[in-house]
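Thank you all for making time this morning. Please have the sequence and the structure open while I talk, and stop me whenever a term is unclear.

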Amino acid sequence: MTEQPFLGRRGFLLGGAAVGAGALLAGCTSNTPAASESNAPVANAGNNAQPGKPITIGFSAPAADHGWIAAITKNAKAQAQKFSEVKFNATEGTNDVNQQISQVETLINAKVDVLVILPFDGKALTSVGQQAMDAGIPVINLDRVFDTPLAYRTWIGGDNYRMGVNAGNYIAAELKKKNVANPVIGEVAGIDSLPLTQERSKGFADALGRAGFKVGPRVSAQFTSESGEQQTANLLQGAPKLDALWNHDDDQGIGVNAAIDTAGRKEFIMVGGAGSKNMMNLIKADASPIKATVLYSPSMASTAVALARLLGQGKGIGDLAEHDIPAEITTYSAVVTKENVDQYLDVGFDS
């Protein structure tokens, strides 16, 4: 079978190993085409790692009230600090939609060069995103998507459906290795009313269905440790036997693990979601039911800032033939296991 191109953890097509977002966007300098191919499109040859013109990047995100969001803001700030010519103007995180709108309007009035916005509510902040675009300020829409592409220049985020698919594929493969014919497969979802939870659950059910399996006992938590523990306790009480369990979110996974420990249950394998360091360390230790986690990494914030810098300086991505930054970038939901966990610890976050 022909080996597929490597899709880096940040979601870009690369020619070699995955590297940090700054280096990833730097491009290469050895793409001179042969004379006979001089009219063919080739990857940009500019070295984007070199400082460009000074720019200001405005940043707005929700309150850092759990590990994943906290890592988003931390990663964005750290990435900006890698660029000597970038001034990073971040607002205070808030879960108040009206306050976030006001904060973004302040950044617009300050005439920042580019905006990176992770909206608390994509629909509610669509109008202010479009206001920025109409004012000539390109917007990087991070993760929670606005209602219209007119409100952003580029969207970057995770793949919720693929998270579910990859979790389901991993569980199905592991159970088939053990020759389990009629497995009981549980699911601890996030908030059921959210489209992201619905997409994850659909991907999970679809993948299991292709393997001839189905989702069994299922509960919905709230992306918090407390709700994870309570809902998992309920699931375990109602399911005296389990073969596998998928938990959508590693932040709530702290509570999920606590409920499993309290119940003294070890007969099943468990897969997490998002990619926290806590879960990666448990995977590496290989002394608990947790055997894998499916990435939905906050490293996307690092890439968002790197993209914002290139947009502000009128540059493209060095490894791509196109002159301009793509309109959409979807990060890949890699499955982290004991075999590859060391490769992904750098993108793990603290729950």
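I will go from the whole chain to two helices, then to the largest pocket, and finally to a few single residues.

Before anything else, please keep in mind that what we are looking at is a predicted model. The chain holds eleven helices and 14 strands, and of its 351 residues, 51% are buried. If we take the contacts between residues at least 6 apart in sequence, 70% of them join residues that are at least 24 apart.

Let us begin with helix 6, which runs over residues 195–210 and so has 16 residues by the DSSP assignment. From its first C-alpha to its last it reaches 22 Å, close to the 22 Å expected at 1.5 Å a residue. Which residues of helix 6 are buried? They are T197, R200, S201, G203, F204, A207 and L208, and because they cover an arc of only 160° around the axis, they sit on the same side of helix 6. It may help to recall that an α-helix has 3.6 residues a turn, so residues three or four places apart point the same way. The cover over the buried residues of helix 6 includes helix 5, strand 8, strand 9 and strand 10, the last of these being residues 244–247. After helix 6 comes G212, with a positive phi near 85°.

Helix 9, residues 277–285, can be read in a similar manner, with M279, M280 and I283 as its buried residues. These cover an arc of only 100° around the axis, which means that they lie on the same side of helix 9. What do the buried residues of helix 9 pack against? Their partners are helix 8, strand 12, strand 14 (335–337) and helix 11 (341–344). Just after helix 9 we meet D286, which takes a positive phi of about 55°.

Now to the largest pocket, whose volume is about 970 Å³. Its lining is made by 35 residues, and those nearest its centre are D143, R144, L194, L196 and F223. The elements that give two or more residues to this lining are helix 2 (67–81), helix 6, helix 7 and helix 8 (250–263), and helix 6, which we have just discussed, gives the most, with four residues.

F223 deserves a second look, and I would like to set it beside N179. As background, most residues other than glycine have a negative phi. F223, however, has a positive phi near 65°, and N179, which is not a glycine either, has one of about 60°. F223 is in the loop between strand 9 (218–220) and helix 7 (225–238), while N179 is in the loop between helix 5 (160–177) and strand 8 (185–189). Is each of them buried or exposed? F223 has 15% relative accessibility, and because the cut-off for buried is under 20%, F223 counts as buried. N179, with a relative accessible area of 68%, is exposed, since exposed means over 50%.

Three further residues will finish the tour. R309 is placed in helix 10 and is buried, with a relative accessible area of 3%. A polar atom of the R309 side chain lies 2.7 Å from the backbone oxygen of N48. Beyond its neighbours within four places in sequence, R309 is in contact with a list of residues that includes N48, A49, Q50, P51, F83 and E85.

S297 is in the loop between strand 12 (290–295) and helix 10 (300–312), and at 8% relative accessibility S297 is also counted as buried. Its side chain makes a polar contact of 2.9 Å with the side chain of S299. Not counting residues up to four places away in sequence, S297 touches W68, A274 and V347.

Lastly, R162 lies in helix 5 and, at 36% relative accessibility, counts as partly exposed. How far apart in space are R162 and V294, C-alpha to C-alpha? They are 9.3 Å apart, although 132 residues separate them in sequence. Once neighbours within four places in sequence are left aside, R162 is in contact with Y332 and S333.

That is where I will stop, and I am glad to go back to any part of it.

Conventions:
Residues numbered from 1 in each chain as written. Predicted model: local features only at pLDDT ≥ 70, side-chain atom pairs only at ≥ 80, totals over all residues. Heavy atoms only, no water. Buried < 20%, exposed > 50% of the residue type's maximum accessible area, 1.4 Å probe, protein only. Expected span 1.5 Å × (residues − 1). Arc of directions from axis to C-beta. Contact = heavy atoms within 4.5 Å. Polar contact = N/O pair within 3.5 Å; in protein donor to acceptor, adjacent residues only side chain to side chain. 1 Å grid on protein atoms, 1.4 Å probe; cavity = no way out; pocket = protein on both sides within 12 Å on 5 of 7 lines; lining within 4 Å. Points joined across faces, edges and corners; volume = space filled by probe spheres on them.
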